[in-house]
Amino acid sequence: MRVSLECEPAATSEPDLVSKLPARYNAVVLPLVLTMLMTVIVSGISTLTAIGFDPAWPTVWLKSWVLSWAVAFPVMVFVMPIARRLVGHLVEAPPR
């Protein structure tokens with residue numbers, strides 16, 4: 001089974017509705033999207049665990065999410081190249 005972690009565009013015949021960023025932005029956009037998704041889920045679960053279904057949950061969660069994302073994004077930008085190298089030592093390169 002082949003699993004790819006590369007950001008490949010979906011194969012569609014429809015024209016793009018929005019212009020895409022140049023490929024050089026991949027090093028910033030990938031960690032941006034990953035950290036947003038990861039921190040929104042983790043902070044939501046953590047906040048729910050800490051205070052339960054409280055009426056203040058959305059406000060507390062939003063503050064928690066912003067803080068966690070503000071830390072996670074720059075860390076991911078600097079750590080991702082290290083993680084890719086480490087994974088490159090552990091996993092065979094895909095056939096070309």
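This report walks through the overall build of a predicted model, then a surface patch and one buried threonine.

## Overall build

The protein chain here is an all-helix affair in terms of regular elements: 2 helices and 0 strands. Of its 96 residues, 14% count as buried.

Now for who touches whom. If you take the contacts in the chain with a separation of 6 or more, 59% of them come from residues 24 or more positions apart. On the outside, the chain exposes about 8300 Å², and carbon and sulfur atoms supply 71% of that area.

## A greasy patch on the surface

Which residues make the nonpolar surface patch? It's built from L21, Y25, V29, V33 and L37, and it covers about 440 Å².

L21 sits in the segment before α1, the helix that runs over 26-51. Its relative accessibility is 58%, so L21 counts as exposed, the cut-off being over 50%.

## T39, tucked away in α1

T39 is a residue of helix α1. Is T39 buried or exposed? Its relative accessible area is 6%, and buried means under 20%, so T39 is buried.

As for its company, set aside the neighbours within four places in sequence and T39 is in contact with G44, W65, S68, W69 and A72. One of these, W65, also has a polar link to it: the side chains of T39 and W65 are joined by a polar contact of 2.9 Å.

Conventions: Residues numbered from 1 in each chain as written. Predicted model: local features only at pLDDT ≥ 70, side-chain atom pairs only at ≥ 80, totals over all residues. Heavy atoms only, no water. Helix = DSSP H or I, 4+ residues; strand = E, 2+ residues; numbered from the N terminus. Buried < 20%, exposed > 50% of the residue type's maximum accessible area, 1.4 Å probe, protein only. Contact = heavy atoms within 4.5 Å. Areas by Shrake-Rupley, 256 points an atom, 1.4 Å probe, with all protein chains shown as cover. Patch = residues over 30% accessible without salt bridge, like charges linked within 9 Å, V, L, I, M, F, W, Y side chains within 5 Å. Salt bridge = Lys/Arg side-chain N within 4 Å of Asp/Glu carboxyl O. Polar contact = N/O pair within 3.5 Å; in protein donor to acceptor, adjacent residues only side chain to side chain.
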